[in-house]
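Student: Could we go through this structure together, and could you show me how each label gets earned?
Tutor: Sure, let's take a look.

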Amino acid sequence: MKFFEDLMESSAKVADKVAKVTGEYIDKGKEKINELSLENELGKAQKQLGALVYALHKSGEENDELVKQYIEDIAKIEAQLEEARKEDAEETVTPEVVKFCSKCGREAGADDAFCKNCGNNLK
Ligand SMILES: [Zn+2]
């Protein structure tokens with residue numbers, strides 16, 4: 001069962017990393033956290049889960065506990081990523097509205113050639 005022991009070990013590492021990332025997030029407070037590193041972690045965890053499911057399937061074994069653990073880890077990372085993206089979106093400055101569509105009255109940006117709402121030509 002060496003293979004599964006290794007998997008258990010790497011899963012524990014993922015959990016450690018999640019805890020670490022969470023800690024960093026709290027430390028940085030409102031600062032933007034690195035989405036890329038979270039995306040990286042997410043990709044790695046998903047890959048590991050895929051490898052695990054594949055290995056289990058291939059050997060005809062079942063290990064729901066371990067699969068569940070991976071899924072929980074992935075869900076945690078996803079939640080953090082979603083939070084990070086939300087913060088970024090809030091920080092994004094809304095472009096200044098400089099004109100309105102003559103047809104439907106919707107706000108449009110200075111460089112918009114067409115109305116996003118009705119498609120009216122704004123030029
Ligand atoms: Zn319009």
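Tutor: Of the 123 residues of the protein, 14% count as buried. This is a predicted model, where local features need pLDDT of at least 70 and side-chain atom pairs count only at pLDDT 80 or more, while totals for chains, interfaces and linings use all residues. Residues are numbered from 1 along each chain as its sequence is written.

Student: Why is E35 called partly exposed?
Tutor: Count its neighbours: E35 has 15 other C-beta atoms within 10 Å. Buried takes 20 or more and exposed takes 12 or fewer, with C-beta atoms placed from the backbone, so a value in between is partly exposed.

Student: Which residues does E35 touch, leaving out those up to four places away in sequence?
Tutor: L81, A84 and R85. Contact here means C-beta atoms, placed from the backbone, within 7 Å. With R85, the C-alpha atoms sit 7.3 Å apart, although the two residues are 50 apart in sequence.

Student: What makes up the largest nonpolar core?
Tutor: Seven residues: L38, A45, L49, L52, Y70, I77 and A84. The term means buried Ala, Val, Leu, Ile, Met, Phe, Trp, Tyr and Cys residues joined through C-beta atoms within 7 Å. Helices α2 (35-59) and α3 (64-91) each supply at least two of them, and α2 gives the most, with four.

Student: How many helices and strands are there?
Tutor: Three helices and two strands, in the order α-α-α-β-β from the N terminus. Both are DSSP runs numbered from the N terminus: H or I over at least four residues for a helix, E over at least two for a strand.

How values were computed
Two residues are in contact if their C-beta atoms, placed from the backbone, lie within 7 Å.
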